[in-house]
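Notebook open, coffee poured. I want to see how the helices, the sheet and the core fit together in this one.

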Amino acid sequence: MEQKTFIATTCCILTISDTRNLETDTSGKLIKTYLETTGHQVISRTVVPDNPELISQEIDKLSECKPFCLITNGGTGIAKRDVTYETLFSTIYQEIPGFGEIFRMLSYAEVGSRAMVSRAFAGFSENGFLVFALPGSTNACRLAMEKLIIPELPHLIAERQK
């Protein structure tokens, strides 16, 4: 039987919210804990308002750190202020559609039909990093980290190195 090799990577966390800061950002803290507990390095954790220009500026700053992975939380719903999808999805050149599909399926088991309004997605951006765009809900972030991101991140790293 083939033994799996764990591959750690560098990650940035970006919370997109008009109501949170680093102290009150429970979802960002949770994501950081999952990453660090499993051996990944968090090189940046920031919060920006739901504003396309400010989000894009922060993404440009984070790209200078050259992370392998960027995990965002917040702004993936359908409220008028939710601009994460429009701002970030346009930078994706290689989508991983299964992430959003499976995330919504798993969410459905927890929250029912409300899961259909999530616009969570994943893919590789023009900036060269893997992006996971998660909802702002701490429960949704826990679900994504436990069931999808933490189990598959080493696989995604290995695939990218081919």
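Entry 1, helix against helix. This is a predicted model, so everything below is read off predicted coordinates. I started with the contact between α1 and α5. From α1, I listed T26, S27, L30, I31, Y34 and L35. On the α5 side they meet T138, C141, R142, M145, E146, I150 and L153.

Then I pulled the geometry: the axes of α1 and α5 are 10 Å apart, at an angle of about 25°. Angles under 35 degrees count as roughly parallel, so α1 goes down as roughly parallel to α5. I also noted the hand of the crossing of α1 and α5, which is right-handed.

Entry 2, the sheet. What is the strand order in the open sheet? I get β2-β1-β3-β6-β5-β4, six strands with mixed pairing. The edges are β2 (41-48) and β4 (92-95), and each of these pairs on one side only. From one strand to the next, the twist averages 25°.

I zoomed in on one pair. β1 and β3 run parallel and are joined by five bridges. L14 has T72 of β3 opposite.

Entry 3, helices on the sheet. I looked up what α5 covers: α5 lies across β1, β3, β4, β5 and β6, and runs at about 170° to β6. α4 lies across β4, β5 and β6, with an angle of about 25° to β6.

Entry 4, the core. Which residues touch the most other members of the largest nonpolar core? They are L35, I71, F99, F132, L134 and L153, out of 29 residues. The elements giving two or more residues to this core are β1 (10-16), α1 (26-37), β3 (69-73), α4 (97-111), β5 (121-125), β6 (130-134) and α5 (138-160). α5 gives the most, with 11 residues.

I followed I71 outwards, skipping its neighbours within four places in sequence. I71 is in contact with C12, I13, L14, I31, L35, F132, L134, M145 and I149. Apart from this core there is another, of 15 residues, and I jotted down I16, I55, I59 and I92 as being among them.

Entry 5, a serine check. Is S125 buried or exposed? S125 sits in strand β5. Its relative accessible area is 2%, and buried means under 20%, so S125 is buried. Leaving out neighbours within four places in sequence, I found S125 in contact with T91, I92, Y93 and V131. I92 is also one of the residues in that other core.

Technical notes: Residues are numbered from 1 along each chain as its sequence is written. This is a predicted model: local features need pLDDT of at least 70, side-chain atom pairs count only at pLDDT 80 or more; totals for chains, interfaces and linings use all residues. Side-chain values use heavy atoms; hydrogens and water are left out. A nonpolar core is a set of buried Ala, Val, Leu, Ile, Met, Phe, Trp, Tyr and Cys residues joined through side-chain atoms within 4.5 Å. Buried means under 20% relative accessible area, exposed over 50%, partly exposed in between (1.4 Å probe, protein chains only). Helices (H or I, at least four residues) and strands (E, at least two) are DSSP runs, numbered from the N terminus. Contact means heavy atoms within 4.5 Å. Two strands pair if DSSP finds at least two bridges between them. Axes are lines fitted to C-alpha atoms, for helices over the stretch in contact, and angles run from 0 to 180 degrees between N-to-C directions. Angles under 35 degrees count as roughly parallel, over 145 as roughly antiparallel, 65 to 115 as roughly perpendicular and the rest as oblique. A crossing is left-handed if the near helix is turned anticlockwise from the far one by less than a right angle, and right-handed if clockwise.
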